[in-house]
Structure formats: C-alpha cells, structure tokens
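Me: I have not looked at this one before. Can you walk me through a few spots?

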Amino acid sequence: MSNNDEFESIVIEALDSLPPEFARHLDNVEVQIESRPTREHRRILGLKPWQTLYGLYQGVPLTQRVGGDPLLPDVITIFQEPLERDFRGREALRAQVRRTVLHEIAHFFGISDDRLHELDAY
C-alpha cells in the first residue's frame with residue numbers, strides 16, 4: 001500500500017474506534033502522519049540505527065499536568081513507511097496501526113512502556 005489517503009483512512013479508523021470516555025480527552029492532541037522518523041526523533045529517543053519506530057507521542061501526559069490545558073497541542077505522530085514495510089497485508093497493517101495509535105494514546109494518559117509491557121499490551 002503506497003496510497004497516502006488509504007493509510008490516513010486506516011489511522012482515522014483507529015481513532016474513531018476509541019471509546020468515548022477516552023476520545024473526549026483528546027481535543028488538544030494533534031495526530032499526524034509522517035513518512036518516517038527524523039534523525040531528531042531517533043536522537044531524542046536514543047534509538048539505534050536498526051531499531052524501528054512506528055509512532056511517537058510528544059507532550060505532557062495528563063498524569064503530569066498541573067493547572068489547565070496547555071496552549072500547545074500534544075502531538076502523536078504515526079510513521080507510515082516503517083508500518084507499511086513491516087505489515088504488508090491490509091488487515092495486518094490495520095491491526096498494527098490501531099495498536100500503534102492506542103500505544104501512543106496510552107502515553108498521553110501517562111502509561112509508560114514498562115507498564116504497557118506489564119499489561120501485555122505489546
């Protein structure tokens with residue numbers, strides 16, 4: 001799949017599948033699609049050249065906020081090329097995009113990678 005519109009529709013489908021009790025907290029979260037992680041993304045995360053990144057949450061998790069909503073939106077970035085490379089069939093891609101979107105939203109809600117492992121969310 002190399003069609004950007006098709007990929008975007010898969011991401012939107014994943015977002016639309018969120019239960020309302022979670023979705024209502026995402027008003028100030030921007031979800032964007034990028035081709036691949038930048039060098040800066042990889043540097044910030046300390047990724048090795050062979051490590052793959054499907055998504056990235058940038059912002060202040062709800063559990064760490066003090067006071068009102070911040071002015072700048074939190075950003076979730078979904079990286080199209082690594083996902084399409086590693087998940088060739090449409091159903092496999094849809095499942096992994098949904099998993100990636102949910103994973104990054106979990107970070108927005110303050111759930112760490114360690115906790116996601118404990119919950120078997122990987």
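Reply: What follows covers a pair of helices and then some single residues, in a model that is predicted.

Me: Start with the helices. At what angle do H1 and H5 pack?

Reply: Helix H1 (residues 4-16) packs against helix H5 (residues 90-108) at an angle of about 50 degrees. Their axes are 9 Å apart.

Me: Why give me both an angle and a distance?

Reply: Because two packed helices are described by the angle between their axes and the distance between the axes.

Me: What do you call that arrangement of H1 and H5?

Reply: H1 and H5 are oblique to each other. An angle of about 50 degrees is not under 35 degrees, nor in the range of 65 to 115, nor over 145, so it counts as oblique.

Me: Left-handed or right-handed crossing?

Reply: The crossing of H1 past H5 is right-handed.

Me: Which residues meet there, in H1 and in H5?

Reply: On the H1 side they are Glu-6, Phe-7, Ile-10, Val-11, Glu-13, Ala-14 and Leu-15. On the H5 side they are Arg-90, Leu-93, Arg-94, Val-97, Arg-98, Val-101 and Ile-105.

Me: How many of those in the contact of H1 with H5 are nonpolar, and how many charged?

Reply: Nine are nonpolar and five are charged, with no polar residues in the contact of H1 with H5.

Me: New topic. Where is Glu-81 found?

Reply: Glu-81 is in helix H4, which covers residues 80-86.

Me: Why does Glu-81 count as partly exposed?

Reply: Because its relative accessible area is 36%, and partly exposed is the class between 20% and 50%.

Me: What does Glu-81 touch, leaving out residues up to four places away in sequence?

Reply: Glu-81 touches Ser-35 and Arg-36. With Arg-36 there is also a polar contact, side chain to side chain, at 2.9 Å.

Me: And how far is Glu-81 from Tyr-54, by C-alpha atoms?

Reply: Their C-alpha atoms are separated by 8.6 Å, while the two residues are 27 apart along the chain.

Me: Now Asp-27. Buried or exposed?

Reply: Asp-27 counts as exposed, at 73% relative accessibility. Asp-27 lies in the loop between helix H2 (20-23) and strand E1 (29-34). From Asp-27 to Thr-52 is 28 Å, C-alpha to C-alpha, with their positions 25 residues apart in sequence.

Me: Last one, where is Gly-89 found?

Reply: Gly-89 is in the loop between H4 and H5. Gly-89 is partly exposed, with a relative accessible area of 37%. Gly-89 and Gln-51 are 22 Å apart, C-alpha to C-alpha, and 38 residues apart in sequence.

Note on methods:
Residues are numbered from 1 along each chain as its sequence is written. This is a predicted model: local features need pLDDT of at least 70, side-chain atom pairs count only at pLDDT 80 or more; totals for chains, interfaces and linings use all residues. Side-chain values use heavy atoms; hydrogens and water are left out. Helices (H or I, at least four residues) and strands (E, at least two) are DSSP runs, numbered from the N terminus. Buried means under 20% relative accessible area, exposed over 50%, partly exposed in between (1.4 Å probe, protein chains only). Contact means heavy atoms within 4.5 Å. A polar contact is a pair of N or O atoms within 3.5 Å; within protein, one must be able to donate a hydrogen and the other to accept it, and residues adjacent in sequence count only if both atoms are side-chain atoms. Axes are lines fitted to C-alpha atoms, for helices over the stretch in contact, and angles run from 0 to 180 degrees between N-to-C directions. A crossing is left-handed if the near helix is turned anticlockwise from the far one by less than a right angle, and right-handed if clockwise. Ala, Val, Leu, Ile, Met, Phe, Trp, Tyr, Cys and Pro count as nonpolar, Asp, Glu, Lys and Arg as charged, and the others, Gly among them, as polar.
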